[in-house]
Amino acid sequence: MLLFQSILLGLLLGGLYALLASGLTLYFGIMRVVMIAHSAFLILAAYLAWWMHDRIGVDPLLSMVVTVPLFFAAGVGLQRLLLTRLRPATLTMMSVLLTFAIALTVEGLLGYAFTGTQRRVQLGYSSASFEIFGARIAVVKLIAFVLAVIALSGLYVLMKRTRFGWALRATIQHRDAARLLGIDTERVAGYGFGIGLATAAVGGTALSLDTTIYPSLHWHWIGPLMAIIVVGGLGSVPGAAAAAMVLGMAQSLLQIPMGTTWAQTVFYVALFATLAFRPQGFFGGRLAQRF
Amino acid sequence: MSLATHELRKAFGGVTALDGATVDFHPGKVNALIGPNGSGKTTYFNCVTGMIKPDSGRVTYKDRDLTGKAPHRIARAGLGRTFQLCRTFPRMTALENVLAAVPHGGLRSFRTRSDIERAMSWLTRLGIEHLARSEARDMSWGQQKLLELAGVLMAEPETVLLDEPAGGVNPALLDRIGTLIRELNAEGRTFVIVEHNMDLVMSISDHIVVFDRGRPIAEGPPSVIRSDERVLGAYLGV
Amino acid sequence: MPNASKRILVGTAIALLAAAILVFPSLAPNPYILSSGVLVLNYAVLATSWNFVGGFTGYISLGHGALAGLGGYATGLLVVKAGLPSFAALAVAALLVAALAVPLGMAALRVRGASFVIVSIALVLILLLVFQSWASFTGGSRGLVVPRPFDLSRPEHHRVFYYLFAVLLAIAVLAWWLIDRSRFGLGLKSIREDEDKAEALGTPTFAYKLIVFVVSAGFTALAGGLYALWFGDLDPVFQFSILTGSYLVLMALLGGVRNLFGPVAGAILVGTALEYFKVEYGDTPLHLVATGVLLALVVLFMPDGVLPAIGDLLKRLDRTKKSSIREVTAAELAEQRKAAV
């Protein structure tokens, strides 16, 4: 039963990982940018959800009405105003530093505004749970998972079914060719960044439901997320989603014999193993070969 | 036999870039590789020089198998190359750009007298010795093309692969590059040139290989190629 | 002769810097200031060590803090658990970390920049995890006490380590200079400028990157180990802090990664500022904000560093004085020929 419960929990966790990793993958696909600040924005969104609940008294889920458009705009701004300023030749390296700097700034500002105290959203349904075949699952975890699935499906439809999605995929695959097709790749790249950051807003809200948050929490997320995008093959959204599910499940299962802390090492082991033996990743992603 | 490939294949996703390219270049000659855009010439260069790995097929040089070897090993085997859009080391001086091609590393100073003399003589031969202390990023396009060539020659390759040496250069420089290639060839270097400028190709080549859709469709001396119908067809899309 | 005058200028600057570093302990008014001096020198060694990779190859590591921490813990554990003499432990620790850098580099350097950065950050996070959790071996969050190598009073202890760090800094700077003027160094710099091109010219890029990464890790571990012997108390939260790595990057970038003394200058600047703010304002989250904003500004507006930016400015001012650029290059050419022949 414990095993079954772990599998279910791993599945739920993997959904959130998949959503967040897809954001990271978008940035990398669009501009070859490893966006270190992604998880800092995740925590920022979680804080905003907590704050709105704590001060205004609205349900954390409603905070997305504000945070999603806000983060989308911030993502567009980040790409258009900051990243395009960097020299193309050193873009990958310098963008890492820039987004790292943004992560530090966000963390510092969170610490300044909300102090380092640990925060947790207290909801009427926080402690509710239900049983399925003997496994006990918290309702909030299920809500978080459903949120992630909805957002991911939305992303999938957007990428595969819309004209914008077509332009975005073309930009990711071959920027010059996309330009020749009449796509305004600069604008598409900006919107792509906005969407990436919007996934962090959704993820952060989901996270706030059942996690204790504090400013430096984002470092616990960025490591696993980077491992996921490398294992998934840098730049491949389905690859990242698959890797997220597999690794989330592995983490959850390893918690039984190893404990929560050591189970986290599975991400780093997977990261090193992938780079050492199969640098192009395990799920497609031919981009990775040269990065 | 010098540089040769056998049944070289490479596909990117669903697009076939090389479709069984079997080519035998003539040693000691100026070979040209021509063909319409997208016929796989640059992919071919990249496979030969190890920048990308072919899906199948063989690359041999002087009966040595070079397939899938690292680019620096292929360079050390005596194959030098330039890039389609010329590439130099932007924040290094012209002299350093050329010295970077000296083989064998180690902690010895890179400014040894003999190396500098050799580097300067290449810069002089290409007519850019007055720019020796300028950084490459401050040089004009044409000067950078000459600089790239000087760097490649510094490594003393027996075979030189040039990817569009005439791309974006003015007519005066074009003449000079043409003459230079013939001179360097007369000194014993084999050339393989990808080029779109037909005047240059026809005037300096001994042997021409025509690519279409990832494989050679014709080869021979300029006089034959000029009147080959398959070539005309490939170019005109007939 | 502009070359000779430049050489004299550089020589004088180096002599002044060395003199200032050597005289500092006797000028320091109290042991606290002296200990700040030790910390700044420690940063100078670390930033210079970082610059073996960052400056030559252009690969930016955010994980060098972890390599230093590893050097510190290895030294401490070898003294405490294996009973090695302090400085033997330091040497062995540096070798161990350098050896560990080989598989790390193999995984991180086979492909291009992005995975290197990812590995460097992952290194910090995983080591923090391991050293906090494996309490029975590392002391965990309680920390690890490293016995002092000398039986000295506090000011004397600081003074001795101050000079030890100065010696290590001199060795690191010398090694950087040796590589900078070597063929190996030129190969590394060509990787920084255009890796494909370097490889096409015959440079074994992977081997070069790996070697210089190992050298860099060795020096970093030496600095970390020396810190452990000096400070005497290691805590995983500080040894494996992502902040250490970002300070190093900031220092090196600020001072200029292509300059021999760039990282040292950056370390003196940032290190002093860090110490000053710690005394004045204590440990606040605004530290992070200041570091982040400063790093972003440098990356956006002065990616070549502050010193080179000032140098460029001076050069431009100098150039306007002369009649034409053409003349300068001609003069330099004559100079060059004289030097070459």
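Reader: How many salt bridges does the count give over all chains?

Author: The model is predicted, so that local features need pLDDT of at least 70 and side-chain atom pairs count only at pLDDT 80 or more, while totals for chains, interfaces and linings use all residues. Side-chain values use heavy atoms, without hydrogens and water. A salt bridge is taken as a side-chain nitrogen of Lys or Arg within 4 Å of a carboxyl oxygen of Asp or Glu, and by this rule the count over all chains is 28.

Reader: How many residues apart are E158(B) and K62(B)?

Author: The side chains of E158(B) and K62(B) form a salt bridge, with N to O at 2.3 Å. E158(B) lies in the loop between α5 (141–154) and β7 (159–163) of chain B, and K62(B) in the loop between β4 (56–61) and β5 (64–65) of that chain, where helices (H or I, at least four residues) and strands (E, at least two) are DSSP runs numbered from the N terminus. The pair thus links distant parts of the chain, and the separation is 96 residues.

Reader: In the salt bridge between R230(B) and D228(B), which residue is buried?

Author: The closest approach of these side chains, N to O, is 3.2 Å. Buried means under 20% relative accessible area, exposed over 50%, and partly exposed in between (1.4 Å probe, protein chains only). Because its relative accessible area is 51%, R230(B) counts as exposed, whereas the residue with 12%, and therefore buried, is D228(B).

Definitions and conventions. Residues are numbered from 1 along each chain as its sequence is written. Chains are lettered from A and ligands numbered from 1 in the order in which they are written.
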